[in-house]
Amino acid sequence: MTPEQHTAKAPLDTDAVIDQITRFVAEETRTAPDADQDLFTTGLANSMFAMQLVVFLEQTYAVTVAGPDLQLSNFRTVKSMAALVGRLQAQAAGTDV
Amino acid sequence: MDEPLIAIVGAGVMGTGISTLVVGQGLPVVLVDIDQGVLDRAATAVRHGLRHGQLIGALPPGTAPGRLRTTLRLQDVADADVVIEAVTEAPDRKADVLAAVSALVSPGTPVISNTSGIPIDEMAAWVKDPGSLIGTHFMNPAYLIPMVEVIRGPRTTDPTVQRVLSTLTRIGRRPVVVRDAPGFVTSRLLHPMINDAARVVSEGTATAEDVDTLMQGCLGHPTGPLRTADLIGIDNLVDALEELHARTGDERCRPSELLLEKVRRGELGRKSGRGFYSYSEAQS
Ligand SMILES: NC(=O)c1ccc[n+]([C@@H]2O[C@H](COP(=O)([O-])OP(=O)(O)OC[C@H]3O[C@@H](n4cnc5c(N)ncnc54)[C@H](O)[C@@H]3O)[C@@H](O)[C@H]2O)c1
């Protein structure tokens with residue numbers, strides 16, 4: 001699966017991001033999560049998988065997760081990950097102009 | 001030892017994880033290997049591990065990482081306050097490295113082996129000062145697992161034990177000291193269990209996934225034995241089982257055919273991208 005690259009000029013469609021992240025989690029855990037489901041307390045994700053999620057988001061959406069953003073609460077649910085991606089992309093777009 | 005310098009010999013799975021732990025706790029590390037490619041990969045893996053540790057909240061927030069220096073020269077361990085040997089689980093290799101290290105460091109410097117199960121007193125024959133030799137059994141990933149088994153050999157001195165315990169406390173670990181025996185406590189229990197899990201799979205009783213799921217769901221194992229095998233590295237697992245088998249005679253420690261076959265095929269676990277499970281590049 002190679003999701004198309006998004007650029008800062010074509011703002012992300014949150015639903016599409018939620019979809020892609022859900023597919024990634026489903027492939028890796030063999031369980032399709034709800035967008036609001038806490039992946040960690042429901043045992044779908046563990047500490048090793050958490051880092052995989054970081055790398056997946058960085059590679060798929062060309063963002064860098066660093067500093068205070070690098071904390072588990074941002075990766076608990078598919079929705080929180082999509083929100084993080086949206087925010088990081090908006091920041092990147094903001095610094096581009 | 002306000003800011004002790006820790007030297008680590010062997011930059012594989014464990015050397016890398018222990019380096020991540022130590023620099024993540026703000027202390028400097030000298031990391032030695034015989035292969036420049038391994039050292040380059042280790043430096044990248046440490047950067048990745050520091051992010052992983054931060055993500056999980058396993059490293060102290062707001063601590064500037066200590067300096068990581070990688071080197072091919074074993075002589076660079078000479079100034080260290082503590083040396084940790086984490087080379088391949090092969091007695092002849094460990095003998096060479098431990099003999100050389102013990103001749104380089106200043107008297108009284110603790111020389112630690114991170115062996116999975118070779119008795120400390122057997123290794124004491126290889127070093128200049130058996131009193132300074134001690135075992136620590138960090139688990140992988142060392143920067144995520146807060147507990148460390150410490151093995152006191154019959155000849156290990158009190159000051160050595162004290163210095164190692166205070167170093168471990170300084171890097172946020174909780175030590176438990178045990179006596180010397182093949183496999184100590186954790187490998188003596190874990191390694192034959194993983195070996196049996198591989199046999200269960202090759203006998204067709206269940207898939208690797210189902211074995212792990214049952215061990216997690218029914219017995220509270222955090223990841224399951226076969227995911228643990230992949231995390232350890234199946235080559236190292238086989239080496240450690242062979243050393244255990246040679247010293248205990250326990251048939252449960254004779255590496256199972258499935259593990260041997262995986263090593264022959266280069267399916268070593270996370271470190272090679274495939275073992276009992278497949279790992280994308282993002283995972284390793
Ligand atoms: N993998 C684990 O989960 C685990 C857990 C606890 C303990 N251990 C023990 O830790 C030790 C290291 O295991 P690992 O899994 O990191 O092995 P590994 O195979 O990943 O790495 C071993 C490294 O040692 C290096 N090396 C070999 N000879 C050397 C020498 N003469 N000088 C310097 N470097 C040398 C190799 O180049 C390699 O990079 C072993 O004793 C192992 O049994 C492993």
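**Figure 1. Pairing of strands E6 and E7 in chain B of the predicted model.** Strand E7 (residues 147-152) of chain B pairs with E6(B) in the antiparallel sense, over 3 bridges. Within this pairing, B:Thr136 has B:Val150 of E7(B) as its bridge partner. E6(B) also pairs with strand E5 (residues 111-113) of chain B, here in the parallel sense and again over 3 bridges. In that second pairing, B:Ser113 is located opposite B:Gly135 of E6(B).

**Figure 2. Burial of strand E6 of chain B.** Strand E6 (residues 133-137) of chain B is largely enclosed by the rest of the structure, because 5 of its 5 residues are buried. In a regular strand, side chains alternate between the two faces of the sheet. For E6(B), both faces are covered. One side carries B:Leu133, B:Gly135 and B:His137, the other B:Ile134 and B:Thr136, and all of these residues are buried.

**Figure 3. Helix H2 of chain B and its surroundings.** Helix H2 (residues 36-56) of chain B contains 21 residues. From first C-alpha to last, H2(B) reaches 30 Å, close to the 30 Å expected at 1.5 Å a residue. The buried residues of H2(B) are B:Val38, B:Leu39, B:Ala42, B:Val46, B:Gly49, B:Leu50, B:His52, B:Gly53 and B:Leu55. An α-helix has 3.6 residues a turn, so residues three or four places apart point the same way. The cover over the buried residues of H2(B) includes an element of chain A, helix H2 (47-61), together with helix H1 (13-24), strand E2 (29-32) and strand E3 (68-71) of chain B.

**Figure 4. The two ends of helix H2 of chain B.** At the N-terminal end, H2(B) is capped by B:Asp35, with a side-chain oxygen 2.8 Å from the backbone nitrogen of B:Gly37. Just after H2(B), B:Gly57 adopts a positive phi of about 75°.

**Figure 5. Surroundings of the ligand.** The ligand is surrounded by 25 residues, of which the closest are B:Met14, B:Asp33, B:Glu89, B:Lys94 and B:Ser116. Polar side-chain atoms of two residues face ligand oxygen atoms: that of B:Ser116 lies 2.6 Å from an oxygen atom, and that of B:Asn236 lies 2.9 Å from an oxygen atom. A polar backbone atom of B:Ile232 is 2.8 Å from a nitrogen atom of the ligand. Taken alone, the ligand exposes 830 Å², and the protein buries 89% of that area. H1 and helix H3 (91-104) of chain B are the elements that give two or more residues to the shell around the ligand. H3(B) supplies the largest share of this shell, 3 residues.

Conventions:
Residues numbered from 1 in each chain as written. Chains lettered and ligands numbered in written order. Predicted model: local features only at pLDDT ≥ 70, side-chain atom pairs only at ≥ 80, totals over all residues. Heavy atoms only, no water. Buried < 20%, exposed > 50% of the residue type's maximum accessible area, 1.4 Å probe, protein only. Helix = DSSP H or I, 4+ residues; strand = E, 2+ residues; numbered from the N terminus. Pairing = 2+ DSSP bridges. Expected span 1.5 Å × (residues − 1). Contact = heavy atoms within 4.5 Å. Polar contact = N/O pair within 3.5 Å; in protein donor to acceptor, adjacent residues only side chain to side chain. Near = heavy atom within 4 Å. Areas by Shrake-Rupley, 256 points an atom, 1.4 Å probe, with all protein chains shown as cover.
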